Amino acid sequence: MSTTKNPVLITGGAGFIGSNLADRLASDGHDVLIFDALRRPGVERNLRWLQARHPSRISAVTADLRDERALAEAARDAKAVFHLAAQVAVTTSMVDPVEDFEVNIRGTLALLEAVRRRGRRTPVIFASTNKVYGDLADVPLELVDDAYAPVDPAIRAQGVSEARPLDFHTPYGCSKGAADQYVLDYARSFDLPTAVLRMSCIYGPRQMGTEDQGWVAHFLIRALNGEPITIYGDGRQVRDVLFVADTVQAYVSAWERIEQVKGRAFNLGGGAANAISLRQLVAHIEHLIGRKVEVSYGDWRAGDQRYYVSDTRAARQTLGLAEPTGWKRGVALLADWLRAEKGGLPEAAETPSVEAA
Ligand SMILES: NC(=O)c1ccc[n+]([C@@H]2O[C@H](COP(=O)([O-])OP(=O)(O)OC[C@H]3O[C@@H](n4cnc5c(N)ncnc54)[C@H](O)[C@@H]3O)[C@@H](O)[C@H]2O)c1
């Protein structure tokens, strides 16, 4: 447990995005308290890495979001809360919707209540997902260069904005969407300074991509290991990918501007300039590693969007974000990290998925 008086609390701080955020905040001079059940295989490595880099700044509690007492204790003296811990995979939520509910909805509500009861207006920033917009089946698409593209020129140019109606699909979509709405409502109903970042596909170092979540890292891990990749759907589905350092900057900016952005949700991704199909990523990986990758195709998965690209104008303008890292450069940086970590990562799983948000 922390000995620090007023740390920044990061739930899920040992995870991919959380550990990158913790590293940034500790480097900026903040004390950071990580609350993480270490449920994701391999994330204990992230925690050890953080503690070695920032021995006096990082402390950690290994506990589950469903342990309300431990959560309230961790939140008690926090000067800000970044809520990233979650049941993160659509696939898992289809197998056990009740656990998904308990972790993602009850866990979020317990955290909000713990903060509210302290009565200090502690900022809470929540990691939401593009899945709150559903499968976007009503957006007409056409194939352009082997990738889905919206027929509507406005969506094609800018992507999906926050004005898009919410439409929760899959238990994961429901639980993250409900949590997203609770976090926003705590600004309305209780004047808590809260904000929500609805992320598209985030990728980068410290991502333990598995069959269920984290497809950019997962494809790279499989390819670097000389293993085949299974794509669910036809591989022409498009996502805008955002490098993790740019993601972390958005979280930090949201905290810095919390009074300005409280009660708001922002779509956060790489935007139209970093929109790629799965096939494009595989082709680029082949180019990077200098050999062919064996690819097979499986059925589409529940709630899978053929196309999702974030309209990032609101986030970029309001949070003052710079041009994001280009996807080819970012993927090369991730490949470098994976090569350096080789041998230390969990076994690559058999069946990669694109359910990455
Ligand atoms: N990576 C993406 O592309 C993406 C996209 C959209 C939304 N998100 C959201 O961002 C957040 C972080 O995602 P990530 O990619 O870093 O995932 P991650 O799995 O690397 O990190 C999540 C962390 O939460 C921890 N955790 C899981 N269940 C827990 C529980 N019951 N109690 C306490 N800790 C628990 C895990 O051990 C892990 O360290 C999640 O809320 C996820 O839904 C991620």
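Is Asp-146 buried, partly exposed or exposed? The first point below takes this up; the model under discussion is a predicted one.

1. Asp-146. With a relative accessible area of 36%, Asp-146 is partly exposed. The residue sits in the loop that joins β6 (141-144) to β7 (147-150). Its backbone deserves a look, since the phi of Asp-146 is positive, about 70°, although the residue is not a glycine.

2. Arg-206, backbone and setting. A positive phi also occurs at Arg-206, here about 80°, and again the residue is not a glycine. Arg-206 belongs to the loop between β9 (201-203) and α8. Its relative accessibility is 5%, and Arg-206 therefore counts as buried, the limit being 20%.

3. Charges over rings. The charged end of Arg-206 is placed over the ring of Trp-49, at 3.8 Å from the ring centre. A second case involves Arg-301, which lies over the face of Tyr-232, 3.7 Å from the centre of that ring.

4. Aromatic pairs. Searching the whole structure gives six aromatic pairs. In one of them, the ring centres of Trp-215 and Phe-219 are 5.7 Å apart and the ring planes make an angle of 70°, so the pair is classed as edge-to-face. The angle decides the class because planes over 60 degrees apart count as edge-to-face. Both residues are part of helix α8 (residues 215-224), where they are four residues apart, and so about one helical turn separates them. Trp-215 is buried, with 1% relative accessibility, and Phe-219 is buried as well, at 0%.

5. Aromatic cluster. Phe-82, Tyr-251 and Trp-255 together make up one aromatic cluster.

6. Cysteines. How many disulfides does a search of the whole structure find? The number is zero. For Cys-174, the closest cysteine sulfur is that of Cys-201, and at 19 Å it is too far away for a bond. Seen from the other side, Cys-201 is in no disulfide, and its nearest cysteine sulfur is that of Cys-174, 19 Å away. The surroundings of the two residues can be stated separately: Cys-174 is partly exposed, at 36% relative accessibility, whereas Cys-201 is buried, at 2%.

7. Ligand surroundings. There are 31 residues around the ligand, and the closest are Phe-16, Asp-36, Arg-39, Leu-84 and Lys-176. A reader checking the site may want to start with these five residues.

8. Ligand polar contacts. Three contacts to ligand oxygen atoms can be listed by residue. A polar atom in the side chain of Asp-36 is 2.6 Å from an oxygen atom of the ligand. Leu-84 contributes a backbone N or O atom, which lies 2.8 Å from a ligand oxygen atom. In the case of Gln-213, an N or O atom of the side chain is 3.3 Å from an oxygen atom of the ligand. As to cover, the ligand on its own has 810 Å² of accessible area, and the protein covers 98% of this.

9. Asn-274. Which backbone nitrogen does the side chain of Asn-274 reach? That of Trp-327, at a distance of 2.9 Å. Asn-274 is located in the loop between β12 (264-268) and β13 (275-277). The residue is buried, with a relative accessible area of 3%.

10. The loop between β15 and α12. Two residues of this loop can be taken together. Thr-312 lies between β15 (307-308) and α12 (313-319), and Ser-310 is found in the loop between β15 and α12 as well. Thr-312 counts as buried, with 12% relative accessibility; Ser-310 is buried too, with a relative accessible area of 1%.

11. Position of that loop relative to Phe-266. Where the C-alpha atoms are concerned, Thr-312 and Phe-266 are 7.8 Å apart in space, while 46 residues apart in sequence. For Ser-310 and Phe-266 the C-alpha separation is 9.4 Å, with their positions 44 residues apart in sequence numbering.

Technical notes
Residues numbered from 1 in each chain as written. Heavy atoms only, no water. Phe/Tyr/Trp six-rings, centres within 6.5 Å; stacked < 30°, edge-to-face > 60°. Buried < 20%, exposed > 50% of the residue type's maximum accessible area, 1.4 Å probe, protein only. Lys NZ or Arg CZ within 6 Å of the ring centre and 35° of its normal. Disulfide = S-S within 2.5 Å. Near = heavy atom within 4 Å. Polar contact = N/O pair within 3.5 Å; in protein donor to acceptor, adjacent residues only side chain to side chain. Areas by Shrake-Rupley, 256 points an atom, 1.4 Å probe, with all protein chains shown as cover.
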